[in-house]
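Colleague: Could you take one part of this model and go through it closely, setting it against the rest of the chain as you go? I would like one connected account rather than a list.

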Amino acid sequence: MCLYVFQLHSGVRQGGVLSPVLFGVYVNSLIDALISSVLGCHVAGVHVGCVIYADDLLLMSGSLHNLQLVIDICCSEIEELDLVFNPNKYQVIRIGKKCND
């Protein structure tokens, strides 16, 4: 696999048709880090613990401990990409027998 380094001098337009695709290419290292961590959810051997659409990110894990590890990986990768999470836009859903603990 060949990697080429180049500088970007402008971003993509908000709401542009290619914006979600280009953002996906930009955050590909985040996705790779999550997949290689073997954390998150897997179905039939396929990692489904991270779903990204446009600038929205859905993280899934089988335990709260692993979810925290996944979040730590995301924070590290996001810092490397010089991006920020918006703490006012996150939601957590816990499902299971101990979901009220």
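Modeller: The buried residues of α3 pack against α2 (28–36) and β4 (56–59), and since this is a predicted model, what follows describes computed coordinates. The residues concerned are L67, V70, C74, E77 and I78, which are the buried residues of α3. Around the axis they cover an arc of only 100°, and therefore they lie on the same side of α3. An α-helix has 3.6 residues a turn, so residues three or four places apart point the same way. The face turned away from this buried side of α3 carries the exposed residues H65, E79 and E80.

The length of the helix can be checked as well. Helix α3 takes in residues 64–80, 17 residues in all, and at 1.5 Å a residue it should span 24 Å; because its end C-alpha atoms are 24 Å apart, the expected and the modelled span agree. After α3 comes D82, with a positive phi near 60°.

That backbone value leads to two other places in the chain. Most residues other than glycine have a negative phi. V38, which is not a glycine, nevertheless has a positive phi near 65°; V38 belongs to the loop between α2 and β1 (42–43), and because its relative accessible area is 63%, over the 50% cut-off, V38 counts as exposed. A44 is likewise not a glycine and has a positive phi of about 50°. The loop between β1 and β2 (46–47) is where A44 is found, and with a relative accessibility of 80% A44 too counts as exposed.

To place α3 in the whole, the protein has three helices and four strands, and from the N terminus on the elements run α-α-β-β-β-β-α. One of the strands, β3 (residues 50–53), holds V51, a residue that counts as partly exposed because its relative accessibility is 41%. Leaving aside residues up to four places away in sequence, V51 touches D56, L57, L58 and M60. V51 and I31 are 20 residues apart in sequence, and their C-alpha atoms are 8.8 Å apart in space.

At the surface, a nonpolar patch of about 380 Å² is made by L18, V21, L22 and V25. V21 has its place in helix α1 (residues 19–26), and with a relative accessible area of 52% V21 is exposed.

For the protein as a whole, buried residues make up 17% of the 101 residues, so the cut-off behind that figure deserves mention: a residue is buried when its relative accessible area is under 20%. The accessible surface of the protein comes to about 8,500 Å², and 59% of this belongs to carbon and sulfur atoms. Among contacts in the protein with a separation of 6 or more, 42% are accounted for by residues 24 or more positions apart. To return to the part chosen here, α3 has its buried residues on the same side, and those residues pack against α2 and β4.

Technical notes: Residues numbered from 1 in each chain as written. Predicted model: local features only at pLDDT ≥ 70, side-chain atom pairs only at ≥ 80, totals over all residues. Heavy atoms only, no water. Patch = residues over 30% accessible without salt bridge, like charges linked within 9 Å, V, L, I, M, F, W, Y side chains within 5 Å. Areas by Shrake-Rupley, 256 points an atom, 1.4 Å probe, with all protein chains shown as cover. Salt bridge = Lys/Arg side-chain N within 4 Å of Asp/Glu carboxyl O. Helix = DSSP H or I, 4+ residues; strand = E, 2+ residues; numbered from the N terminus. Buried < 20%, exposed > 50% of the residue type's maximum accessible area, 1.4 Å probe, protein only. Expected span 1.5 Å × (residues − 1). Arc of directions from axis to C-beta. Contact = heavy atoms within 4.5 Å.
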